[in-house]
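The exercises below ask for a step-by-step reading of one model, from its strands and helices to its nonpolar cores. Please work each task with the structure open before turning to its solution.

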Amino acid sequence: MRRATKRMYALVDCNNFYASCERVFDPGLEGRPVVVLSNNDGCVIARSQEAKDLGIGMGEPIFKCRDRIDAQGVVVRSSNYTLYQDLSRRVVETIGQFVPDIEVYSIDEVFLDLAPMAGRDLDELCRTIRGTVRQWTGIPVSIGVGTTKTLAKAANRIAKRTPESRGVHRFPEEEPERIRTLESIGIQDVWGIGHRWARRFLDLGIATALDLTRVPPMEVRRNFNVVAMRTALELDGVPCQELETVVEPRQTLVRSRSFGEMVADWTDLSEAIATHATRA
């Protein structure tokens, strides 16, 4: 059963951030396919939408896609983290002009607490933020709004994938649209559900975000852990994650992925390790 809540969060996510930063530095790249390489120029760690449309994969070793890059006129850039960090700081400062309570979640993602903005037209506010960030920094962003951080993350994904949203989407709260939207989200696409958990959920017959909300929370906790339970509750509109406006220094950093098949080639393995280390 859903619980009433007055919380409202937004997630501002910079689109194709590293590639967008390269376009700010070189406006002539606008509209052209762009890829950014890892520290050792070994593999792709960022792609413009045009490069994605050409089928160039995230983490793909450059030697494997060199022929496609040359044939399609893809622009290749080495990573420039000083530039990316500076533009990230400017994006955050711009957002801070509109909303005081923010959480810098990553170099290209910022959560906002919209509760203090109650009474304002939140859709219009988000569109103003989006337009101002683009005007002041040159970085395009998408914004998702929801009553929990998990729903804001899901709404952001929808904003990126539906042109009619014009970069801003609010997760629906009224039935039956809420049900339809939850049903359209695969369990593997829920924030916080990794590949390993997704496989386990699928084995239990839980294939969508809607399916997860229909499992009793304590059952989710018994089969997984408290984090999974909180994710299920957040999908059902119950806030379980507060905004972290003051972030404690991390003691460890983890970025885990698994290969879909056995890897016997040392080059493939080393490039994958380099990609994950770079992104971490």
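## Exercise 1: the surroundings of strand 7

Strand 7 is covered on both faces, since V141, I143 and V145 on one side and S142, G144 and G146 on the other are all buried, where buried means under 20% relative accessible area, exposed over 50%, and partly exposed in between, with a 1.4 Å probe and protein chains only. The model is a predicted one, in which local features need pLDDT of at least 70 and side-chain atom pairs count only at pLDDT 80 or more, while totals for chains, interfaces and linings use all residues. Residues are numbered from 1 along each chain as its sequence is written, and side-chain values use heavy atoms, with hydrogens and water left out.

**Task.** State how many residues of strand 7 are buried, and find the strands with which strand 7 pairs.

**Solution.** Step one is the burial count: 6 of the 6 residues of strand 7 are buried, so the strand is largely enclosed by the rest of the structure. Helices (H or I, at least four residues) and strands (E, at least two) are here DSSP runs, numbered from the N terminus.

Step two is the pairing, for which DSSP must find at least two bridges between two strands. Strand 1 and strand 7 are joined by 6 bridges and run antiparallel, and L11 stands opposite G144 in strand 7. Strand 7 also pairs with strand 8, in the parallel sense and over 3 bridges; here I143 has V168 in strand 8 as its bridge partner.

Step three adds a helix: helix 5 (residues 122-137) lies across strand 6, strand 7 (141-146) and strand 8, and runs at about 160° to strand 7. Angles run from 0 to 180 degrees between N-to-C directions, and axes are lines fitted to C-alpha atoms, for helices over the stretch in contact.

## Exercise 2: the two sheets

**Task.** Give the strand order of the sheet of 5 strands and of the sheet of 3 strands, and explain why one side of each edge strand has no neighbour in its sheet.

**Solution.** Begin with the sheet of 5 strands, which is open, has the order 5-6-1-7-8 and shows mixed pairing. Strand 5 (102-106) and strand 8 (168-170) stand at its edges with a single partner strand each, so one side of each lacks a neighbour in the sheet. On average, neighbouring strands of this sheet are turned by 20° against each other, direction ignored. At the strand 5 edge, 4 bridges join strand 5 to strand 6 (residues 109-113) in an antiparallel run, and S106 has E109 of strand 6 as its bridge partner.

Turn next to the open sheet of 3 strands, whose order is 3-2-4, again with mixed pairing. Its edges are strand 3 (44-47) and strand 4 (75-78), each of which has a single partner strand, so one side of each is left without a neighbour in the sheet. The twist from one strand to the next averages 30°. Strand 2 (residues 34-37) and strand 4 run parallel and are joined by 4 bridges, with V75 of strand 4 as the bridge partner of V34.

## Exercise 3: helix 1 against helix 4

**Task.** At what angle do the axes of helix 1 and helix 4 cross, and which residues make the contact?

**Solution.** First, the axes of helix 1 (residues 17-25) and helix 4 come within 10 Å and cross at roughly 95°. The two helices are therefore roughly perpendicular, a class that covers 65 to 115 degrees, while angles under 35 count as roughly parallel, over 145 as roughly antiparallel and the rest as oblique.

Second, the contact (heavy atoms within 4.5 Å) involves F17, Y18, C21, E22, V24 and F25 of helix 1, and Y81, L83, Y84, L87 and S88 of helix 4.

Third, 7 of the 9 residues of helix 1 are buried, so helix 1 is largely enclosed by the rest of the structure. The buried residues of helix 1 pack against strand 1, strand 2, strand 3, helix 2 (49-53), strand 4 and helix 4.

## Exercise 4: the largest nonpolar core

**Task.** Which residues touch the most other members of the largest nonpolar core, and which helix gives the most to this core?

**Solution.** A nonpolar core is a set of buried Ala, Val, Leu, Ile, Met, Phe, Trp, Tyr and Cys residues joined through side-chain atoms within 4.5 Å. Of the 32 residues in the largest one, F17, I95, L112, L114, I129, I139 and I143 touch the most other members. Helix 4 gives the most to this core, with 6 residues.
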